[in-house]
Amino acid sequence: MKFNELQTRLDAALEACWRAGKITLEYYQTHPLTETKSDGSPVTIADQRAEQEIRRLLAKYFPHDAIVGEEEGASPPSANGTWYIDPIDGTRSFVCGVPFYGVLLAYEIERNVALGVINFPALDEMIWALRGQGCFWNGRRTHVSTVTELRDATLLSTDFFAMDKFGSSAAREKLCAATKLQRTWGDAYGYALVATGRAEIMLDARMAVWDCGPLLPILEEAGGRFTDWEGNPTIHGNNAFATNGHLHETVQRILNATAR
């Protein structure tokens with residue numbers, strides 16, 4: 001796909017995430033009615049309306065592109081590429097009135113995630129990347145940190161104890177013992193912190209494709225790495241971790257050596 005076509009899609013993605021973010025703010029810290037989906041995760045009217053707005057804009061600008069969204073499912077595949085939507089990544093944080101939630105959007109063409117956008121509406125932070133053009137945080141070029149030792153690293157996870165559930169308690173214990181600081185600044189925000197040099201490692205024991213969508217291009221264009229726990233750079237894995245690049249092999253060895 002030509003660069004100008006990708007740039008047009010990036011511009012549309014930025015607009016879509018901004019508009020969807022404004023919708024979420026209408027419900028933020030208002031104790032919105034929350035339902036539980038079949039997988040046990042929460043959903044609110046803000047999730048639904050935000051995804052509908054993104055879908056409306058994508059259908060307007062790119063009617064022949066495919067769309068996969070967390071709340072409204074998948075359209076038929078298309079040779080024109082596929083958009084992945086997570087209207088509120090971190091719905092549990094959103095419901096609690098905590099600002100660490102994001103609107104996620106990514107575009108994939110021929111198995112290459114060409115662009116990714118994340119809007120953190122309550123924090124007024126936007127981060128995006130276009131392949132070969134760098135990663136940007138609120139309009140400024142951003143990069144991962146230069147930390148090279150685990151003992152100096154900040155380790156993040158959405159839920160460390162979820163690793164126990166999926167048989168990775170030994171990895172959790174070893175990584176927490178080896179790193180300088182451990183925090184649950186999780187969901188997409190944790191990956192954004194790595195991309196912007198504010199943390200070094202972020203990991204999740206379970207992920208869906210819409211959770212991962214924009215993370216791969218954002219981390220790579222910032223100079224870091226985003227893979228599944230086996231080291232594959234993909235948004236289609238069942239788990240994921242990101243690092244500043246310097247620590248990736250070390251973290252992966254720990255994850256693999258301690259796997260059940």
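**Exercise 1. The hairpins around β8**

Task: In the hairpin of β8 and β9, which residue takes a positive phi, and how many residues lie between the strands?

Solution.
Step 1. In this predicted model, four residues lie between β8 and β9 in their hairpin. The residue with a positive phi is G132, at a value near 80 degrees.
Step 2. Strand β9 covers residues 135-137, and three bridges join β9 to β8 in an antiparallel arrangement. One position to check is A129, which stands opposite C135 in β9.
Step 3. On its other hairpin, β8 is connected to β7, again with four residues between the strands. Here D124 in the turn has a positive phi of about 55 degrees.
Step 4. Strand β7 (residues 112-120) pairs with β8 in the antiparallel sense over six bridges. N119 has M126 of β8 as its bridge partner.

**Exercise 2. The two faces of β8**

Task: Which residues of β8 lie on each side, and are they buried or exposed?

Solution.
Step 1. In a regular strand, side chains alternate between the two faces of the sheet.
Step 2. One side of β8 carries E125, I127 and A129, and the other carries M126, W128 and L130.
Step 3. These residues are all buried, and both faces of the strand are covered. The count for β8 (residues 125-130) is six buried residues of six.

**Exercise 3. Classifying aromatic pairs**

Task: How many aromatic pairs does the structure hold, and are the rings of F100 and Y189 stacked or edge-to-face?

Solution.
Step 1. The structure holds ten aromatic pairs.
Step 2. The ring centres of F100 and Y189 are 4.9 Å apart and the planes stand at 10 degrees, so this pair is stacked. The cut-off used is that planes under 30 degrees apart count as stacked.
Step 3. F100 is in the loop between α3 (91-95) and β6 (102-109), while Y189 is in helix α6 (residues 187-195); the two are 89 residues apart.
Step 4. F100 counts as partly exposed, with 24% relative accessibility. Y189, at 7%, counts as buried.
Step 5. For Y191 and F226 the centres are 5.7 Å apart and the planes at 70 degrees, so that pair is edge-to-face. Y191 belongs to helix α6 and F226 to strand β14 (residues 225-227), so the pair ties together parts 35 residues apart in sequence. Y191 and F226 are both buried.
Step 6. One aromatic cluster is formed by Y61, F62, W83 and Y107. Over the ring of F62 sits the charged end of R9, 4.5 Å from the ring centre.

**Exercise 4. Two packed helices**

Task: At roughly what angle do the axes of α1 and α2 cross?

Solution.
Step 1. Two packed helices are described by the angle between their axes and the distance between the axes.
Step 2. The axes of α1 (residues 3-27) and α2 (residues 45-61) come within 9 Å and cross at roughly 155 degrees.
Step 3. This makes α1 roughly antiparallel to α2, and their crossing is right-handed.

**Exercise 5. A five-stranded sheet**

Task: Which strands stand at the edges of the open sheet of five strands?

Solution.
Step 1. The strand order is β12-β11-β13-β15-β14, with mixed pairing.
Step 2. β12 (181-183) and β14 are at the edges; each has a single partner strand, so one side of each has no neighbour in the sheet.
Step 3. Neighbouring strands are turned by 15 degrees against each other on average, direction ignored.
Step 4. Within the sheet, β11 (residues 154-157) and β13 (residues 201-204) run parallel and are joined by three bridges. S157 stands opposite L203 in β13.

Terms used
Residues are numbered from 1 along each chain as its sequence is written. Side-chain values use heavy atoms; hydrogens and water are left out. Rings of Phe, Tyr and Trp (its six-membered ring) pair if their centres lie within 6.5 Å; planes under 30 degrees apart count as stacked, over 60 as edge-to-face and the rest as tilted. Buried means under 20% relative accessible area, exposed over 50%, partly exposed in between (1.4 Å probe, protein chains only). A charge sits over a ring if NZ of Lys or CZ of Arg is within 6 Å of the ring centre and within 35 degrees of the ring normal. Two strands pair if DSSP finds at least two bridges between them. Axes are lines fitted to C-alpha atoms, for helices over the stretch in contact, and angles run from 0 to 180 degrees between N-to-C directions. Angles under 35 degrees count as roughly parallel, over 145 as roughly antiparallel, 65 to 115 as roughly perpendicular and the rest as oblique. A crossing is left-handed if the near helix is turned anticlockwise from the far one by less than a right angle, and right-handed if clockwise.
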